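Please work through the following exercises with the coordinates at hand. Each task is followed by a solution in steps.

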Number of protein chains: 2
Amino acid sequence: MYEGAVQDLIDELGRLPGIGPKSAQRIAFHILEADETDMRSLAQAIITVKEKVKFCQICFNVSEEDTCHICRDRKRDESLICVVEESKDVLAIERTRSYRGRYHVLGGSINPIAGIGPDELHIRELLTRLSDEKIEEVILATDPNLEGEATATYLARILQAVGVKITRLASGLPVGGDLEYADEVTLGRAFEGRRSV
Amino acid sequence: MYEGAVQDLIDELGRLPGIGPKSAQRIAFHILEADETDMRSLAQAIITVKEKVKFCQICFNVSEEDTCHICRDRKRDESLICVVEESKDVLAIERTRSYRGRYHVLGGSINPIAGIGPDELHIRELLTRLSDEKIEEVILATDPNLEGEATATYLARILQAVGVKITRLASGLPVGGDLEYADEVTLGRAFEGRRSV
């Protein structure tokens, strides 16, 4: 459609997640008109990430070293593993400052429609950690949606055999939310999980 | 938030148009997990565009040469100039195969809120072309929205002094559309511009 280089860029951008043909075109024209130094540093950032960033050999969190800063941190409680779907979930939990254990990043959730079964996730490596390390509790912190719940249920079932304490993050009303706008499932969970005050 | 390189990439991506912090994060993680060769070719496509693509010295369309393939084409009707906002509009008009003249890309539209006045657009260069080239008709093909209409009105006013024929693309019902869903302004324009059959 366009002359060579512009169309190549539109095609490349269009392969990124969440970028349709129209956005790809808009971004390509932005790049075309933007400052050359800025665009070179965007290109360099892509290359640097591919060259420097890998996944932690222990927990599969993103890391610029062989093991991530959390796994390297000796002050972390090594008896706790919090299982999450993605590295971004690690960040979300770290922001709460309410967890001092370590993590295990699955790399996704069980999703038969997308062809992701247990073998595509880092579940085997989690079992190895459970047999090698002194783990007392595994906290299942997958997303509270269909795929995340299925993954948690699957993990709970296979971890039962290991004989470790298994917990799941509480479901309930989000803080700052409005009771009348809560969906029935969430409100139902909030009732089930009610605590005495 | 993340370790160095990942956060740098998220920051760079977040500066692109239409990419918020969440999309930037999702794209960065996609890049992290994607094939290295593919990501190097994305980075290279950005650099190639900055190195090879420039704007046509005559009409400001994107081009890998000093002048674009349309301005170089001797078979084009040199007495017609179609004024558009962006290079992508040139492409849209070319796809219709119903125009054989040349173009002039303004580089945007008059938008006081965004700080874009006539001086930020290639209007002076259009006036130079009108005095240097043998132009018989200028077709104003800016977008049929507020900014595009304002730009067309502005151009029509200053071009009147030049003594050239000035036309504007027809407004009316889109082909394949449904009369009952047309907005009042469009339907009103369709009545104004009705033709005998």
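The exercises below treat symmetry, the nonpolar core, the cysteines and the domains.

The model is predicted: local features need pLDDT of at least 70 and side-chain atom pairs count only at pLDDT 80 or more, whereas totals for chains, interfaces and linings use all residues. Residues are numbered from 1 along each chain as its sequence is written, chains are lettered from A and ligands numbered from 1 in the order in which they are written, and side-chain values use heavy atoms, with hydrogens and water left out.

**Exercise 1.** Determine which operation lays chain A on chain B.

Solution. Step 1: superpose the copies by least squares on the C-alpha atoms of residues with pLDDT of at least 70 in both. Step 2: a turn of 180 degrees with a shift of 0.0 Å along the axis gives an RMSD of 0.0 Å. That is the relation of a two-fold axis. Step 3: the residue of chain A closest to the rotation axis is A:Ala43, with its C-alpha at 2.2 Å. Step 4: 100% of the interface residues of chain A are also interface residues in chain B, so the copies meet through the same surface.

**Exercise 2.** Identify the residues with the most contacts inside the largest nonpolar core.

Solution. Step 1: a nonpolar core is a set of buried Ala, Val, Leu, Ile, Met, Phe, Trp, Tyr and Cys residues joined through side-chain atoms within 4.5 Å; buried means under 20% relative accessible area, with a 1.4 Å probe and protein chains only (exposed is over 50%, partly exposed in between). Step 2: the largest such core has 50 residues, and A:Leu13, A:Ile31, B:Leu13 and B:Ile31 have the most contacts inside it. Step 3: beyond its neighbours within four places in sequence, A:Ile31 is in contact (heavy atoms within 4.5 Å) with residues including A:Leu9, A:Met39, B:Leu16 and B:Ile46.

**Exercise 3.** Establish how many disulfides the whole structure holds.

Solution. Step 1: a disulfide is a pair of cysteine sulfur atoms within 2.5 Å. Step 2: the search over all chains finds zero. Step 3: the sulfur of B:Cys56 has its closest cysteine sulfur in B:Cys59, at 3.8 Å, too far for a bond. B:Cys68 is in no disulfide either, the nearest cysteine sulfur, that of B:Cys59, being 3.7 Å away. Step 4: B:Cys56 counts as buried at 0% relative accessibility, and B:Cys68 is buried with a relative accessible area of 0%.

**Exercise 4.** State how far apart the C-alpha centres of domain 1 and domain 2 of chain A lie.

Solution. Step 1: the bounds, from an automatic or database domain assignment, are 4-52 for domain 1 and 69-168 for domain 2 of chain A. Step 2: their C-alpha centres lie 34 Å apart.
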